[in-house]
Amino acid sequence: MAAYQTVVVGTDGSESSFAAVDRAASVASDSGATLVIVCAYYPASKHDVEKAQDVLRDEAYQVVGSAPAEDTLQSARDRAVKAGASKIETAPVVGAPVEALRDTVVERSADLLVVGNRGLNTLAGRILGSVPSEVARKSGVDVLIVHTT
């Protein structure tokens with residue numbers, strides 16, 4: 001099997017998601033791959049903030065507006081550098097996490113998607129679906145679910 005060429009990882013700024021960034025950076029470093037760090041966010045209008053709160057509930061950290069997303073991506077990039085990644089791109093993406101990750105995988109022709117396991121074993125995750133389980137079903141590429149909790 002050939003080494004991965006493009007690794008996509010999602011972050012929402014939580015410690016759990018940063019652990020996934022660390023692992024993705026290590027994999028990217030080992031295989032000489034480009035690491036693409038994605039942060040999904042919702043625009044900061046009042047209506048959109050309310051919509052984000054409805055979608056994200058209290059099961060995920062909220063990233064509302066592009067400024068917090070950019071800050072999150074910078075922190076994730078710094079961690080990725082420390083973990084050994086050298087080819088790093090960041091992508092703030094408007095929308096829900098699953099769609100943002102799936103779209104980025106397609107747009108960047110990624111061959112590996114890395115996510116943390118947060119929400120995978122919660123009651124809400126089992127009933128409503130979690131980001132890890134949804135991307136595993138919908139991504140169309142290898143998915144590494146990092147044990148972060």
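Select V9 and V114: V114, in β4 (112-116), is the bridge partner of V9. This is a predicted model, in which local features need pLDDT of at least 70, side-chain atom pairs count only at pLDDT 80 or more, and totals for chains, interfaces and linings use all residues. Residues are numbered from 1 along each chain as its sequence is written, and side-chain values use heavy atoms, with hydrogens and water left out.

**Stop 1: strand β1**

Extend the selection to residues 6-10, which form β1. Strands here are DSSP runs of E, at least two residues long, and helices are runs of H or I, at least four long, numbered from the N terminus. β1 and β4 run parallel and are joined by 3 bridges; two strands pair if DSSP finds at least two bridges between them. Now add β2, residues 34-41, which is also parallel to β1 and is joined to it by 5 bridges. On this side, V9 stands opposite I37.

Which residues of β1 point one way, and which the other way? T6, V8 and G10 point one way, V7 and V9 the other. In a regular strand the side chains alternate between the two faces of the sheet. β1 is mostly covered, with 5 of its 5 residues buried. Buried means under 20% relative accessible area, exposed means over 50%, and partly exposed lies in between (1.4 Å probe, protein chains only).

Next, show helix α1, residues 15-31, together with β1 and β2: the three make a right-handed β-α-β unit. A crossover is right-handed if, with the strands pointing away from the viewer, the path from the first strand over the helix to the second runs clockwise.

**Stop 2: helices α4 and α6**

Select α6, residues 131-138, where P132, S133, E134 and V135 are buried. These buried residues pack against α4 (97-107), β4 (112-116) and β5 (142-146). Contact means heavy atoms within 4.5 Å.

Show α4 and α6 alone. Two packed helices are described by the angle between their axes and the distance between the axes. Here the axes come within 9 Å and cross at roughly 35°; axes are lines fitted to C-alpha atoms, for helices over the stretch in contact, with angles from 0 to 180 degrees between N-to-C directions. The crossing is right-handed, which means that the near helix is turned clockwise from the far one by less than a right angle.

Display side chains for P97, V98, L101 and R102 in α4, which meet V131, E134, V135 and K138 in α6. The contact residues divide into 5 nonpolar, no polar and 3 charged. Nonpolar covers Ala, Val, Leu, Ile, Met, Phe, Trp, Tyr, Cys and Pro; charged covers Asp, Glu, Lys and Arg; the others, Gly among them, are polar. After α6, click on G140, which has a positive phi near 80°.

**Stop 3: two serines**

Go to S109, in the loop between α4 and β4. S109 is not a glycine, yet its phi is positive, about 50°. Is S109 buried or exposed? It counts as exposed because its relative accessibility is 58%.

Then select S75, which lies in helix α3, residues 66-82. With 34% relative accessibility, S75 counts as partly exposed. Add F18: its C-alpha atom is 8.7 Å from that of S75, although the two are 57 residues apart along the chain.

**Last view: the whole chain**

Zoom out and colour by secondary structure to see 6 helices and 5 strands, in the order β-α-β-α-α-β-α-β-α-α-β. Of the 149 residues, 44% are buried. Among contacts between residues at least 6 apart in sequence, 72% join residues at least 24 apart.
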